Amino acid sequence: MRLPSAIRSRIPSLATTVHLAACSIAPRSTGMDHALAAMLDDLARPGFWSAAEEQVTDARRRFAQLIGAEADQVAVLPNVSIAAHQVVSGLRWRRRRDLLTTTAEFPGVAHVWLAQEKRGARVRWCGPQVGRVTADEYLRAITTDTALVSVPAVTHRDATRLNIRRVADAAHAAGAAVIVDAYQAAGVMPLHVDALRCDYLITGTGKYLLGLPGLAFLYAGHPNGPAPGLTGWMGRADPHALDPTRLDLPSHARRFETGTPAVAAAYAAVAGLTLIQQLDLTAVREHTQRLLASAAHRLTGQGEIVDLAPSVDERGAHLTLIEPHAWALAAWLENHGIAVAARRGVVRLATHAYTSDADIDALCDAIAVYRVKSRTRAPIGASR
């Protein structure tokens with residue numbers, strides 16, 4: 001598929017909106033519209049639940065193909081926090097007590113790790129409190145007391161892309177398992193679990209996978225392990241047996257599943273994954289890296305402070321603009337048809353296969369106008 005023109009035709013809103021917020025929310029596509037319309041049609045006919053289960057099965061299968069896994073190694077869950085909980089809740093914190101993570105971890109995952117301390121885990125942090133974490137910092141922190149190493153594929157704030165394979169090899173050599181949060185990577189760069197050598201990988205469909213929030217995937221390399229701490233009727237060997245007296249766990253990854261999934265998100269996930277599977281993700285990564293370099297060069301030339309890893313290999317698909325009044329700038333850009341993703345003190349600018357050079361030009365022009373206006377009248381927008 002030719003980038004970005006071919007995929008832009010699948011996202012009509014891009015004709016009037018610059019979408020640089022895929023690190024937070026995916027843009028609406030024609031595929032998503034058709035999928036949700038199909039859901040409503042299915043809802044109007046007998047057999048809706050069978051149709052919905054087929055969508056969940058299809059989403060599981062497509063995601064497994066995307067990461068080079070088997071469908072039985074993938075569980076479908078509501079969000080990555082629950083996916084992380086399902087992995088860690090079955091571990092026993094006895095001889096090995098350390099759970100190694102980083103302050104760059106997304107809070108929705110890091111808080112799950114902290115909650116394990118009441119069960120005997122000892123959370124250890126690597127990397128600086130402020131600034132980029134590196135694979136070397138992980139390697140120095142792994143010991144024979146480490147039970148689990150949690151490493152983001154790409155950090156959510158500053159888009160640092162970590163060398164997961166190096167971390168995984170060191171963790172396995174020390175006898176620890178590895179879990180990867182790929183929410184800021186899946187759909188915008190190649191990911192193959194055998195190459196990563198991770199034991200678990202979690203991600204959701206609401207960002208670069210071009211779906212909706214409400215659905216997440218958990219890959220488990222060897223799913224027939226300890227029972228998770230949370231379960232439900234979908235986590236049974238035969239969910240349709242509907243036996244309330246028997247808690248049987250399947251040998252595959254669906255043992256991690258809980259209750260009924262978000263059906264609309266499942267339909268949207270199939271649409272998003274179908275579109276992603278038509279892309280050459282190596283070409284997508286090259287495309288996004290060229291755009292990020294262009295944006296960083298121009299914004300820096302305009303006097304902006306941009307946080308972008310020095311090496312292309314260390315970069316995810318977004319760059320970070322340092323901005324004390326991030327919410328005010330984001331609100332102003334949104335009012336001018338440019339969607340970005342603000343965090344405290346930064347505005348994240350995310351690229352994808354559909355992002356064009358004209359999008360980058362529009363962004364840089366708009367920020368230049370904002371700076372002029374902010375010097376002549378204050379405040380613009382409201383910081384929150």
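Me: What is a disulfide, and how many disulfides does the count come to here?

Reply: A disulfide is a pair of cysteine sulfur atoms within 2.5 Å. The structure above is a predicted model, and by this rule the count comes to zero disulfides.

Me: Why is there no bond at Cys23 or at Cys198?

Reply: For each cysteine, one looks for the closest other cysteine sulfur. For Cys23 that sulfur belongs to Cys364 and is 16 Å away, too far for a bond. For Cys198 the closest cysteine sulfur is in Cys126, at 17 Å, which is again too far.

Me: Are Cys23 and Cys198 buried or exposed?

Reply: A residue is called buried when its relative accessible area is under 20%. Cys23 has 1% relative accessibility and therefore counts as buried. Cys198, at 6%, is buried as well.

Me: Where should I look for the nonpolar interior, and which residues have the most contacts inside the largest core?

Reply: In soluble globular proteins, nonpolar side chains tend to be buried together. In this model the largest nonpolar core has 68 residues, and those with the most contacts inside it are Phe63, Tyr138, Val149, Val180 and Leu201. Helix α9, residues 263–277, gives the most to this core, with seven residues. Another core lies apart from it and has 27 residues, among them Ala295, Ala330, Leu363 and Ile367.

Me: Which residues does Val180 touch?

Reply: Leaving aside residues up to four places away in sequence, Val180 touches Val151, Ala153, Ile164, Cys198, Tyr200, Leu201 and Ile202. The buried Cys198 is thus one of the contacts of Val180.

Me: How should I read a single residue such as Thr102?

Reply: One takes its element, its accessibility and its contacts in turn. Thr102 is found in strand β3, residues 98–102. Its relative accessibility is 1%, so Thr102 counts as buried. A polar atom of its side chain lies 3.1 Å from the backbone nitrogen of Ala104. Beyond four places in sequence, Thr102 touches Trp125, Cys126, Val133, Tyr138 and Pro152.

Me: In which order do the strands of the open sheet stand, and which strands are at its edges?

Reply: To read a sheet, one follows the strands from neighbour to neighbour. Four strands form an open sheet here, in the order β9-β10-β13-β12, with antiparallel pairing. The edges are β9 (306–307) and β12 (341–343); each has a single partner strand, so one side of each is left without a neighbour in the sheet. The partner strand β13, residues 346–350, pairs with β12 in the antiparallel sense over three bridges. In β13, Arg348 is the bridge partner of Ala341.

Me: Which helices pack on this sheet?

Reply: Helix α10, residues 281–301, packs on the sheet and touches β9, β10 (318–322) and β13; its direction makes about 15 degrees with that of β10. Helix α11, residues 326–335, also packs on the sheet, touching β10, β12 and β13, and its direction makes about 165 degrees with that of β12.

Me: What caps the N-terminal end of helix α4, and which of its residues are buried?

Reply: Asn79 caps that end, where a side-chain oxygen lies 3.1 Å from the backbone nitrogen of Ser81. Within α4, residues 80–88, the buried residues are Val80, Ala83, Ala84, Gln86, Val87 and Val88.

Me: How far apart are Ala37 and Ala264 in sequence and in space?

Reply: Ala37 and Ala264 are 227 residues apart in sequence and 9.9 Å apart in space, C-alpha to C-alpha. Ala37 is found in helix α2, residues 30–43, and is partly exposed, with a relative accessible area of 37%.

Note on methods: Residues numbered from 1 in each chain as written. Predicted model: local features only at pLDDT ≥ 70, side-chain atom pairs only at ≥ 80, totals over all residues. Heavy atoms only, no water. Helix = DSSP H or I, 4+ residues; strand = E, 2+ residues; numbered from the N terminus. Buried < 20%, exposed > 50% of the residue type's maximum accessible area, 1.4 Å probe, protein only. Polar contact = N/O pair within 3.5 Å; in protein donor to acceptor, adjacent residues only side chain to side chain. Contact = heavy atoms within 4.5 Å. Pairing = 2+ DSSP bridges. Axes fitted to C-alpha atoms, helices over the stretch in contact; angles between N-to-C directions. Core = buried A, V, L, I, M, F, W, Y, C linked by side-chain atoms within 4.5 Å.
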